[in-house]
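Me: I would like to go through this protein model in questions and answers. Please keep each reply short.

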Amino acid sequence: VRCVQETEDTKQGQTKMSTQDKYRKVPNKQEQEPAENEVRISSQSRAARIISIVLGLFLQKNFKVVYLRGSGNAISTACTVAEVLRQRIKDLQQINNIITNDISEQYEPKEEGLDTVTITRSLTILEIKLSLENEDKNHIGYIAPLPADQVREVTLDDLEKGRERRGPRRGGRPGGRGGNRRYDRGDRRSGDDDRRPRGGDRSGDRRREGGERREGGDRREGGDEEKEVIRREGDRRREGGERRGGEEKEVIEEEKVVKDRREEKVVTEEKEVIEEKVVTEEKVVIEEEKVVK
């Protein structure tokens, strides 16, 4: 069953690829350009860049209302931007709206005999309205401005200083972001001709180090004397250990002899007691016989 399903999936994938190869997407001319106070956020937009743009709309162009729009993965970025702006602009109100738009995509055939295909799909968009005007507080998506002690207000001078601090965009040098490394390498090589190549022959340096080590040959003699002293001390310790071992053996043998003697004494004493008991019993028996007679 699994093999049959895999074959069916592969067939469906091949048919999809074949149909995609036969059609091309027609650019949509009905898309309207965003208004001046509207910022559209994509999944690749950077939150810091969007915040700077919106601050410019509020502070430089003196807009009272700015709209943020994002769909899909860009919704989280739009929420982050709105939250940061509420902490930077005093009395900034937020109103969230969910909008559903129908988008039609048209595909033209690349081969003759095929019809034009139009696909319509619905797209969910989060629209965030940032306003400095009086808004309807009963709106379901209304969020009141933050208290004044929680807002670190940004001025126009702060915005310009931040842009100057960031400077121009990266990639000004040839080669895009980070510049062209080939030019950098060429500049470095032009000024470093005397530098040795990587992985060069280091045998000469090793030989020099070996020669310096040979100069300390006198140390080896002192090392031999130290070895002899250590060896003698080891012999002495061994002799002392052997003596101690012999003494211990003698003590153990003496203890064994004493134990044996004690055991012999105990045995002899027990024998004597038993013999005395037997003699006394025999005497009693003889006396009883005499009495009977």
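Me: What share of the area that the protein chain exposes do carbon and sulfur atoms supply?
Reply: The model is a predicted one. The protein chain exposes about 25300 Å². The part of this area supplied by carbon and sulfur atoms is 45%.

Me: In what order do the elements of the protein chain run from the N terminus on?
Reply: The chain has 7 helices and 6 strands. From the N terminus on, the order is α-β-β-α-β-α-β-β-β-α-α-α-α.

Me: Is Q93 buried or exposed?
Reply: Q93 has its place in strand 4, which covers residues 93–109. Its relative accessible area is 8%. Buried means under 20%, so with 8% Q93 is buried.

Me: Which residue has its backbone oxygen 2.4 Å from a polar atom of the Q93 side chain?
Reply: Leaving out residues up to four places away in sequence, Q93 touches ten listed positions' worth of neighbours, among them K129, L130, E133, Y142 and P145. The backbone oxygen that lies 2.4 Å from a polar atom of the Q93 side chain belongs to E133.

Me: How far apart are the C-alpha atoms of Q93 and V65?
Reply: Along the chain, Q93 and V65 are 28 residues apart. Their C-alpha atoms are separated by 9.5 Å.

Me: What distance separates the end C-alpha atoms of helix 2?
Reply: Helix 2 holds 13 residues, 47–59. Its buried residues include I50, V54 and F58. At 1.5 Å a residue, the helix should span 18 Å, and the distance between its end C-alpha atoms agrees: 18 Å.

Key:
Residues are numbered from 1 along each chain as its sequence is written. This is a predicted model: local features need pLDDT of at least 70, side-chain atom pairs count only at pLDDT 80 or more; totals for chains, interfaces and linings use all residues. Side-chain values use heavy atoms; hydrogens and water are left out. Helices (H or I, at least four residues) and strands (E, at least two) are DSSP runs, numbered from the N terminus. Buried means under 20% relative accessible area, exposed over 50%, partly exposed in between (1.4 Å probe, protein chains only). Contact means heavy atoms within 4.5 Å. A polar contact is a pair of N or O atoms within 3.5 Å; within protein, one must be able to donate a hydrogen and the other to accept it, and residues adjacent in sequence count only if both atoms are side-chain atoms. The expected span of a helix is 1.5 Å times one less than its number of residues. Accessible areas come from the Shrake-Rupley method with a 1.4 Å probe; for residues, only the protein chains shown count as cover.
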